[in-house]
Amino acid sequence: MAASRFTIRPSSLDIVRAAGAATPSEVPPRPLLGILGVVTGARVVTLTGRMLSLGLANLKGHVGISVDIQRLSTICLLLFIFFYHEKAISQCSGVASNPSTALSCASHAIPHEKIATIDPHHQYSLAELIDIGEHNNPQARIAWERAKQTAKILGIEKSEYYPLLAGAALFADQRSISSFPKPLAPRGYTMVEVPTVEPAVTLEYLLLDFGGRKARVDAAKMQALVSGAQFIKANQDVAYTISSDYYALVTTQERLQAATDILNTAQTTQDAAEARLANGRATLPDVLNARADTAQATFDLEAADGNEKIARVTLAEAIGIEPSPDISIDAKRNAPLPAALTLPIDQLIARAMADRPDLMAEMLKIHKADDDIRAAKSAYFPTIGLSAKAAQPSVWPTADFGTLGSASQPTWSAAINVSWTIFDGGARKDRKALAESEKRQAADELRDKHDQAQREVWSGYIAFRTALKQEEAAVALLSAADTSYSSSLDAYKYGVKNLVDVVTAQKQLALARLSSVSARSRLFTEAVNLESVTGNLLRNLSPATTTQGKDGTP
């Protein structure tokens, strides 16, 4: 076991790679469609310009027509762009058991703005409380929004695979003065006014950047999957907190019942002492001691009642509703107790290494760091891009001397741009060093998280086995203490024992009742904790404990 302490199981890496390959809404780049869009947009602009030239022989008299035609061309372009993009298909079903499905769910679904309310007359089961908590707990909602944000960042990075297509329109009127020889111009100058209408479409497209664009998209994909894994972890943490608070409330309720039983026992002892005093077979100090024990039991009962109400408030906060004691639970006190483990310790550790979302997140961070290094290295190479413009300028110049002709002709331009950074003051070198440092940090964090997970599994395994033994001992202790108290009370009534013996047996019974409550609650809590540290909460895998059979440890 020590030799493979820091080894990452291949199945875990397979899960990470499969998750990375199955990122939702994966759209392959289609630059030809973008170029087709430019050509179509250019034809629309050309058609618009020709319509303008025909309908605007006199600009001042046909302004209304020009605005309508220009608006029509803009609408055509917008409709083309709208239908060019594919619509995303949202899905959010089943158990989010890996970062990819969790990311898909979080990126498409929107949390309800209205926070749930609790029916004080309904007894909620643990499953119902967890379901409410997943949708209303602030930590779960925060992780939900973070996953949604990283999914949108991934979409922004993917947009670099497509051309930037923009439509523009120019409406101008320019008046200028130019010197001219007097033999040709009577005043020695000419005044020219040029009204212009020019609709245009521009295109900017990155053709080649030697892997930088792909590295940035891959890094954004890994970061999105990290958020997906953290979203699963947040939901598991919420489920564990709710479960712990649920069993804490069950414990306080059982302690309240135990405090009531202790008070009844103390009252029985007091009644017996007062009956013996009335018969002249007991002393007044005996009765006073019994009354003191009853008063102490009453005090403890009020404390238990207050703790039970506080536990209700804590549970209400855990599920994300307004904290108040107005919540009822179905305690299921007759539910069977966990009785044995279904897996040995080696398999529990293996399950944790494969299924814990926090470990998945750390492994994905290493992959993201690799992608950041690739992106940093790509900055040392040139970038090659395409820029183009298609327009339909229409002009109707007038002059105070001579006659100028109007024109409306399509124009276009295209260029291949090459950009290569020669010197940047060491920025590229520092970015590469930063990415490499982040990778080393991520590797160390993974190793630390790996050790932490293994320690938590061992601790949960030992704690569950201890809770099993304690619960067995608590049952025997309660039975023995109850028998001892009953025997001591009967003997006291017959004058065989004194009140000190009865009070001692009474206190032992009270402690046994409280120990039984604590042991039962701890057994349930440790069973939930074992599922949590192995990453099995909210999953469809078989549980690590069972209510039947013997302990399955090696």
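Arg291 is partly exposed in this predicted model, with a relative accessible area of 41%, and its salt-bridge partner Glu274, at 27%, is partly exposed as well. The closest N and O atoms of Glu274 and Arg291 are 3.1 Å apart; because Glu274 lies in helix 7 and Arg291 in helix 8, the pair ties together parts that are 17 residues apart in sequence.

The count of salt bridges comes to 19, and three of them are set out here.

| Salt bridge | N to O distance |
|---|---|
| Lys214 and Asp218 | 2.9 Å |
| Glu274 and Arg291 | 3.1 Å |
| Lys309 and Asp305 | 2.8 Å |

Lys214 and Asp218 both belong to helix 7, where they stand 4 residues apart, about one turn of the helix. Lys214 is partly exposed at 45% relative accessible area, whereas Asp218 is buried at 14%, because buried means under 20%. In helix 8, Lys309 and Asp305 are likewise separated by 4 residues, about one turn. Through shared partners, salt bridges join Lys214, Asp218, Asp371 and Arg374 into one network.

Turning to the nonpolar interior, the largest core has 50 residues, of which Leu129, Ile242, Tyr246, Leu315 and Ile319 touch the most other members. Several helices each supply at least two residues of this core, including helix 7 (212-278) and helix 8 (284-318), while helix 11 gives the most, with 8 residues. Apart from this core lies another, of 15 residues, with Val287, Ala290, Ala505 and Leu509 among them.

On the surface, Leu207, Leu208, Phe210, Tyr380, Phe381, Ile416 and Val418 form a nonpolar patch with about 650 Å² of accessible area together. Strand 3 (189-208) and strand 10 (411-419) each supply at least two of the patch residues.

Key: Residues are numbered from 1 along each chain as its sequence is written. This is a predicted model: local features need pLDDT of at least 70, side-chain atom pairs count only at pLDDT 80 or more; totals for chains, interfaces and linings use all residues. Side-chain values use heavy atoms; hydrogens and water are left out. A nonpolar core is a set of buried Ala, Val, Leu, Ile, Met, Phe, Trp, Tyr and Cys residues joined through side-chain atoms within 4.5 Å. Buried means under 20% relative accessible area, exposed over 50%, partly exposed in between (1.4 Å probe, protein chains only). Patches are made of residues with over 30% relative accessible area and no salt bridge: like charges are joined within 9 Å, nonpolar side chains (Val, Leu, Ile, Met, Phe, Trp, Tyr) within 5 Å. Accessible areas come from the Shrake-Rupley method with a 1.4 Å probe; for residues, only the protein chains shown count as cover. A salt bridge is a side-chain nitrogen of Lys or Arg within 4 Å of a carboxyl oxygen of Asp or Glu.
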